[in-house]
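Open the model in your viewer and keep the selection box handy. We will go from stop to stop, picking residues and looking at what surrounds them.

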Amino acid sequence: MTGLVVRKIGWDFDASVPFRWQPANPQFGLFCNAFTFIAVPFERYIVTAVRMASDRLDQDADVAAEADAFLKQEAQHAAAHRKHMLALIQRYPDLEQCYVGACAAYEELIGQEPVEFHLAYIANLEATFTPLFKVLLDNRDSLFGGGDPRVASLMMWHFVEEIEHRSSGLILCNHVNPHPWSRVKYIRRTFAHVAAVADAIATAFDDIVPFEDRGASTRALLSGHFLTGELNARVPVVRRLRNRESAAAPTIFAPVPTGELARMLWRLALSQAPYHDPADQPLPDWAETWMRAYERGADMTTFAGSWTAER
């Protein structure tokens, strides 16, 4: 049976939540805002795809239990990010087009592809979350510190639970697509679709939200090479050229040490290998700290403002 825990947390967001919720690192704040607008449609897509496969998943009791717990966690994520999203839309009503457009992109995908593709898409994308979110949680002080504790706490909770159910997508995919190479053949289409959704959201952010409320160009930050480009910018020769051309704009993960960023990129590449298993990945120790605090009954809706006491 699955060991996933479904945690119902009373998230509360209103128009007092600023779009630029992380003034110390507005680039990372933009990344998280875009994550919210992607998360809600993606979680809906997960629910639809897994339900499409329910007759096959139900053939194995353990797989069915994993699917049930996975969907329940994802439903909590969607509900929480929806509250954050609606708070931002209350400030900038035209941002609703981001949500409508992303939902339409996933609905179109559902109608175009078989269930085997959808479960591979979920497994491929979910496989990237453990290496990515480990770096974010390991560098929580420099990335989240000084930001609005409500938004920071939402993101950290989601990242912890994505790491907790890191194998769920692969378990479901492997049940429907038993050969490892079946998943790999869909990698390029998976990430091309994700990139298109992210680019549409980034473009809308830049068109709708005034620059002083963003602090950076969302589209430039979330371009298809935003991770490799960030690593390249740390090469001394490239950095000098950027400085000389006055183009040395801050990046999303500027506070992350170069060695950690390089290891993350390597693990992201490995996450798409046919025999990759997320269960074997190194995990952030702090995820256990978060879970212990939740079990003690701490207020997790603002936990990001008190994590120094939880070391």
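## First stop: the cysteines

Select C32 and C98: the closest cysteine sulfur to that of C32 is the one in C98, and at 16 Å it is too far for a bond. Bear in mind as you look around that this is a predicted model. A disulfide is a covalent bond between the sulfur atoms of two cysteines, and the cut-off used here is 2.5 Å between the sulfurs. Now add C103 to the selection: its sulfur is the nearest one to C98, at 11 Å, and C98 is in no disulfide. How many disulfides does a search of the whole structure find? The count is 0.

While these residues are on screen, look at their surroundings. C32 counts as buried because its relative accessibility is 0%. C98 also counts as buried, at 4% relative accessibility.

## Second stop: F28 and the core

Next, select F28 and F31. Their rings form a stacked aromatic pair, with 6.0 Å from centre to centre and 20 degrees between the planes. The two residues are separated by about one helical turn, because they are 3 residues apart in helix α1. Is this pair buried or exposed? Both F28 and F31 are buried.

Keep F28 selected and show its contacts. Beyond its neighbours within four places in sequence, F28 touches W21, L136, L143, F144, I252 and F253. Now show the rings of W21, F28, F31, F35, F129, F133, F144, F159 and F253, which ring pairs link into a cluster.

Zoom out a little to take in the largest nonpolar core, which has 99 residues. Which residues have the most contacts inside this core? They are F28 and L95. Helix α1 supplies the largest share of the core, 16 residues.

## Third stop: Q22, before α1

Select Q22, which sits in the segment before α1. With a relative accessible area of 0%, Q22 is buried. Show everything around this side chain and backbone: leaving out residues up to four places away in sequence, Q22 touches G29, L143, F144, G145, G146 and G147.

## Fourth stop: aromatic pairs and helix α7

The structure has 24 aromatic pairs by the rule applied here. For one of them, select W11 and W157: the ring centres are 5.2 Å apart and the planes meet at 45 degrees, so the pair is tilted. The two residues come from distant parts of the chain, 146 residues apart, with W11 in the segment before α1 and W157 in helix α7. Both W11 and W157 are buried.

Since W157 has brought you to α7, select residues 149-164 to see the whole helix. Its 16 residues reach 22 Å from the first C-alpha to the last, close to the 22 Å expected at 1.5 Å a residue. Helix α7 is mostly covered, with 14 of its 16 residues buried.

## Fifth stop: a charge over a ring

Pick R7 together with Y294 and turn the view until you look at the ring. R7 lies over the face of Y294, 5.5 Å from the ring centre.

## Sixth stop: A15 and its partners

Return to the segment before α1 and select A15. At a relative accessible area of 27%, A15 is partly exposed. Add Q90 and draw a distance between the C-alpha atoms: the two residues are 75 apart in sequence and 6.0 Å apart in space. Apart from neighbours within four places in sequence, A15 is in contact with A87, Q90 and R91.

## Last stop: two short helices

Select residues 180-184 to show helix α9, where P180 is found. P180 is buried, with a relative accessible area of 17%. Setting aside neighbours within four places in sequence, P180 contacts P274 and Y275. Add A273 as well: it is 93 residues from P180 along the chain, and 8.7 Å separates their C-alpha atoms.

Then move on to residues 211-214, helix α11, and pick F211. Is F211 buried or partly exposed? F211 counts as partly exposed, because its relative accessibility is 49%. Beyond neighbours within four places in sequence, F211 is in contact with A216 and S217.

Notes
Residues numbered from 1 in each chain as written. Predicted model: local features only at pLDDT ≥ 70, side-chain atom pairs only at ≥ 80, totals over all residues. Heavy atoms only, no water. Buried < 20%, exposed > 50% of the residue type's maximum accessible area, 1.4 Å probe, protein only. Helix = DSSP H or I, 4+ residues; strand = E, 2+ residues; numbered from the N terminus. Contact = heavy atoms within 4.5 Å. Phe/Tyr/Trp six-rings, centres within 6.5 Å; stacked < 30°, edge-to-face > 60°. Lys NZ or Arg CZ within 6 Å of the ring centre and 35° of its normal. Core = buried A, V, L, I, M, F, W, Y, C linked by side-chain atoms within 4.5 Å. Expected span 1.5 Å × (residues − 1).
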